[in-house]
Amino acid sequence: MTNKLNSLKKITTIVTDSSNIQDIKHFKPQDATTNPSLILNAIQKTTEYQHHINNAIQIAKLKYKTKNEQAKHAAEQLAVNIGTEILKIIPGKISTEIDSHLSYNIEKSINKSKEIIKLYNKANINNNRILIKLAATWQGIKAAEILEKEGIHCNLTLLFSFAQAKACAEAGVYLISPFVGRILDWYKNTYPKKIFTKKNDPGVKSLTKIYQYYKKYNYETIIMGASFRNIEEILSLAGCDKLTISPHLLKELENTKGKVEKKLHIEKNLIQQKKPEKLNEEEFLWQHHQDTMAINSLSQGIINFANDQKKLQYILFKMI
């Protein structure tokens with residue numbers, strides 16, 4: 001009997017949510033996603049990345065004069081170095097995140113995204129293998145809209161509200177990452193006495209609603225479920241365009257025998273309907289701010305990634 005990971009791969013594209021080279025080699029995903037937290041975790045657990053770190057520091061020293069500038073650039077170069085190494089293993093795309101401190105600035109987000117692309121291009125990596133990750137703020141979405149028109153594909157991350165999903169589709173972004181597990185986390189923390197099961201998981205319900213909406217109006221933006229807490233969430237979303245899964249949950253799926261049933265289906269009669277009018281900034285903010293969970297989770301997610309970016313830069317600062 002097949003295991004559930006292999007069965008799931010037949011109906012959904014599997015992406016590894018990890019910067020760990022050994023995990024990626026083992027699970028053989030189509031794509032991989034990284035972020036400052038994953039890179040920080042990876043370099044603290046193994047010396048395998050020391051040559052990538054040394055290279056990043058060396059390049060930064062040649063470009064910048066102060067240690068602060070060198071550490072900041074070295075962190076970006078390290079993300080690209082690790083991404084380039086991952087691309088030697090996977091057939092698809094790597095998602096690399098820009099500094100979360102820029103999440104509310106359109107111009108700076110665009111400029112930083114182009115800097116990351118240039119670093120990849122210097123490593124002979126074509127744009128079609130890179131997704132730039134930006135937080136799904138209004139500014140991040142608008143930056144992505146401009147980047148997409150210039151041939152730079154984007155992954156809009158930290159997506160919690162339906163308004164974020166609508167705005168991303170309307171902006172024509174390549175891919176969105178709804179954070180299923182973090183939605184569940186918020187509801188569990190807010191309503192500690194309530195029991196959540198796979199039947200009433202609010203994260204699963206949120207992604208399912210987005211999936212049906214996208215397919216109803218034939219939006220081309222890819223939906224990639226992310227941030228899972230258990231395999232029940234993953235199996236409840238079998239059939240989603242893509243799912244990015246952490247190594248420990250991939251291992252659990254690999255060790256679980258059985259066939260996976262497709263849960264998300266495209267209702268053929270709903271496709272090709274006329275798309276709704278595009279949200280403007282006022283409408284986006286009004287709709288997004290109706291959802292307390294999304295407000296809290298988005299801001300906290302940006303802060304968490306920014307803090308891990310600082311920790312990563314500090315480690316590199318001490319090495320310089």
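Here are some questions and answers about this predicted model.

Q: How many helices and strands does the protein chain have?
A: Let's start with the secondary structure. The protein chain holds both kinds of element, and the tally is 14 helices and 8 strands.

Q: Why does the protein chain count as being as compact as a globular protein of its length?
A: For 320 residues, the globule rule gives 20 Å. The chain comes out close to that, so it is as compact as a globular protein of that length, with a radius of gyration of 19 Å.

Q: What share of the residues of the protein chain count as buried?
A: To count as buried, a residue needs under 20% relative accessible area. Among the 320 residues of the protein chain, the share that passes is 55%.

Q: Which helix gives the most to the largest nonpolar core?
A: That core has 84 residues, and Leu156, Ile176, Tyr214 and Ile245 are the ones touching the most other members. The top contribution to this core is 8 residues, and it comes from helix H5 (residues 67-87).

Q: How many residues are in the second, separate core?
A: Besides the largest core, there is a separate one. Ala135, Phe179, Ile183 and Trp186 are among its members, and its size is 12 residues.

Q: Which residues does tyrosine 214 contact, leaving aside its neighbours within four places in sequence?
A: Tyrosine 214 is one of the residues touching the most other members of the largest core. With those sequence neighbours set aside, its contacts are Ala165, Cys168, Ala169, Ile176, Tyr219, Thr221 and Ile223.

Q: Why is helix H8 described as largely enclosed by the rest of the structure?
A: H8 runs over residues 162-171, and its buried residues include Lys166 and Glu170. Its cover includes helix H7, strands E5 and E6, and helices H10, H13 and H14. H8 is largely enclosed because the buried count is 9 of the 10 residues.

Q: Which residue follows H8, and what is its phi?
A: Just after H8 the backbone has a positive phi. The residue there is a glycine, number 172, and its phi is near 75°.

Q: Is glutamine 313 buried or exposed?
A: Glutamine 313 sits in helix H14 (residues 292-319). Not counting residues up to four places away in sequence, it touches Ala71, Lys72, Ala75 and Asp99. The cut-off for buried is under 20% relative accessible area. Glutamine 313 has 16% relative accessibility, so it counts as buried.

Terms used: Residues numbered from 1 in each chain as written. Predicted model: local features only at pLDDT ≥ 70, side-chain atom pairs only at ≥ 80, totals over all residues. Heavy atoms only, no water. Helix = DSSP H or I, 4+ residues; strand = E, 2+ residues; numbered from the N terminus. Rg over C-alpha atoms; globule rule 2.2 N^0.38 Å. Buried < 20%, exposed > 50% of the residue type's maximum accessible area, 1.4 Å probe, protein only. Contact = heavy atoms within 4.5 Å. Core = buried A, V, L, I, M, F, W, Y, C linked by side-chain atoms within 4.5 Å.
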